[in-house]
Amino acid sequence: MSFVDRYLAVWILAAMAAGLCLGRLVPGLGDVLAKVTVTGVSLPIALGLLVMMYPVLAKVRYDRLGTVTGDHRLLVPSLVLNWVLGPALMFALAWIFLPDLPEFRTGLIIVGLARCIAMVVIWNDLACGDREAAAVLVALNSVFQVFAFSLLGWFYLSVLPGWLGLEPTVLDVSVGEIARSVLIFLGIPLAAGFLTRRLGERAKGRIWYETKLLPHIGPFALYGLLFTIVVLFALQGDAITSRPFDVVRIALPLLVYFALMWAGSLALGKAVGLQYPKAATLAFTAAGNNFELAIAVSIATFGATSGQALAGVVGPLIEVPVLVGLVYVALAARRFFPDPSPSAASPSVVPEDPARV
């Protein structure tokens, strides 16, 4: 394992600290980074996300996706976890922990509605999850996100609070805005990864592609991740460091959310008979959230300096270190899953170092 791989958690925490320090110490840096945007998200963040996702999606064996789409033990639990239990759990936790802070509460609910389509591919790969399964579940989340996000936002912010005698909130976001976000943050790297594999294998063959080309482009996933983290935290470094108590209030329900969603999803995967790679993929795709969409919606609807936007930024502040830690928990939990037979083993999953992306 290389020096960089061995200390992955250290680099991620260092990137978070660097971003917070830059945002705090360099006046106006957040404003500069936020001036050029893509669907409401800073262009540097968008570029970092694209660089981060491309190498992982280039690793997917697209010719084997059909074996994943027919696995109802994976697809049905994923849809239920992502679009029924996840939003409902975040709604409940937001009201339990933040009954007196409506801006932060609304921001958390928006985070819960935005199911992960980007950074989850990194956590899944680090945990030796099933890459093909991750690609299918991310694609499903993307489709559902386009059509369900606005409807669920209306239900959880306006309708359900009214039924329960709570304070309602109006969320004004169009299907077109969500579709644009999905197209940029998933469509571009997915198309690039697919074309890279298709053209590379056609020109040189699969062995050359996976033993020669992938090792060269693989490290860029980590570079993109670290760059994204630095820029993301620099954008609101001043707000985060100047309001530590607010950050703690927002962080508590997020910690409970990630723990319950991840552990419950992994246990459910084992209960329905999934092997470790697919169970890990189920857990990470259910626990992760699409923070770039949540931040974009919060900024567009409530403003860049709003409490809703701050809650969106605190999301990855908590999600990044927690899910990195859960990568190592997942790798340790492999011993509780039976070893698959040669015929049942996922052909795309090879034992890897936990930080090798």
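This report walks through the overall make-up of a predicted model, two of its helix pairs and three of its buried residues.

## The chain as a whole

Let's start with the big picture. The protein chain has 357 residues, and 55% of them are buried. Its secondary structure consists of 17 helices and two strands.

Contacts in this chain reach across the sequence: among those with a separation of 6 or more, 84% join residues 24 or more positions apart. The accessible surface adds up to about 14,500 Å², and carbon and sulfur atoms hold 71% of that area.

## Helices H4 and H12

Two packed helices are described by the angle between their axes and the distance between the axes. For helix H4 (residues 43-59) and helix H12 (residues 219-235), the angle is about 155° and the axes are 7 Å apart. An angle over 145 degrees counts as roughly antiparallel, so H4 and H12 are roughly antiparallel to each other. The crossing of H4 past H12 is left-handed.

If you would like to pick out the contact in the viewer, select Pro44, Ile45, Gly48, Leu49, Val51, Met52, Pro55 and Val56 on the H4 side. Their partners in H12 are Phe220, Ala221, Gly224, Leu225, Phe227, Thr228, Val231, Leu232 and Leu235. Sorted by class, the contact of H4 with H12 holds 14 nonpolar residues and three polar ones, with no charged residues.

## Helices H14 and H15

The next pair is helix H14 (residues 244-271) with helix H15 (residues 276-287), whose axes come within 8 Å and cross at roughly 155°. That angle makes H14 roughly antiparallel to H15. Here the crossing is right-handed.

On the H14 side, the contact is made by Tyr257, Phe258, Met261, Trp262, Ser265, Leu266 and Gly269. H15 contributes Ala279, Ala280, Leu282, Ala283, Phe284, Ala286 and Ala287. The residues of this contact of H14 with H15 divide into 12 nonpolar and two polar, and no charged residue takes part.

## Two buried residues in helices

Ser78 sits in helix H6 (residues 72-97). With a relative accessible area of 2%, Ser78 falls under the 20% cut-off and is therefore buried. Leaving aside residues up to four places away in sequence, Ser78 touches Leu137, Leu282 and Thr285. Of these, Leu282 also appears on the H15 side of the contact with H14.

Gly112 belongs to helix H7 (residues 102-113). Its relative accessibility is 0%, so Gly112 counts as buried. Beyond residues up to four places away in sequence, Gly112 touches Pro87, Met90 and Asn289. Trp83 is 29 residues from Gly112 along the chain, and the C-alpha atoms of the two are separated by 9.4 Å.

## A positive phi in a loop

Most residues other than glycine have a negative phi. What is phi of Cys128 near? The value is near 60°, which is positive in a residue other than glycine.

Cys128 is found in the loop between helix H8 (120-126) and helix H9 (131-163). Is Cys128 buried or exposed in that loop? Cys128 has a relative accessible area of 3%, and therefore counts as buried.

Technical notes:
Residues are numbered from 1 along each chain as its sequence is written. This is a predicted model: local features need pLDDT of at least 70, side-chain atom pairs count only at pLDDT 80 or more; totals for chains, interfaces and linings use all residues. Side-chain values use heavy atoms; hydrogens and water are left out. Helices (H or I, at least four residues) and strands (E, at least two) are DSSP runs, numbered from the N terminus. Buried means under 20% relative accessible area, exposed over 50%, partly exposed in between (1.4 Å probe, protein chains only). Axes are lines fitted to C-alpha atoms, for helices over the stretch in contact, and angles run from 0 to 180 degrees between N-to-C directions. Angles under 35 degrees count as roughly parallel, over 145 as roughly antiparallel, 65 to 115 as roughly perpendicular and the rest as oblique. A crossing is left-handed if the near helix is turned anticlockwise from the far one by less than a right angle, and right-handed if clockwise. Contact means heavy atoms within 4.5 Å. Ala, Val, Leu, Ile, Met, Phe, Trp, Tyr, Cys and Pro count as nonpolar, Asp, Glu, Lys and Arg as charged, and the others, Gly among them, as polar. Accessible areas come from the Shrake-Rupley method with a 1.4 Å probe; for residues, only the protein chains shown count as cover.
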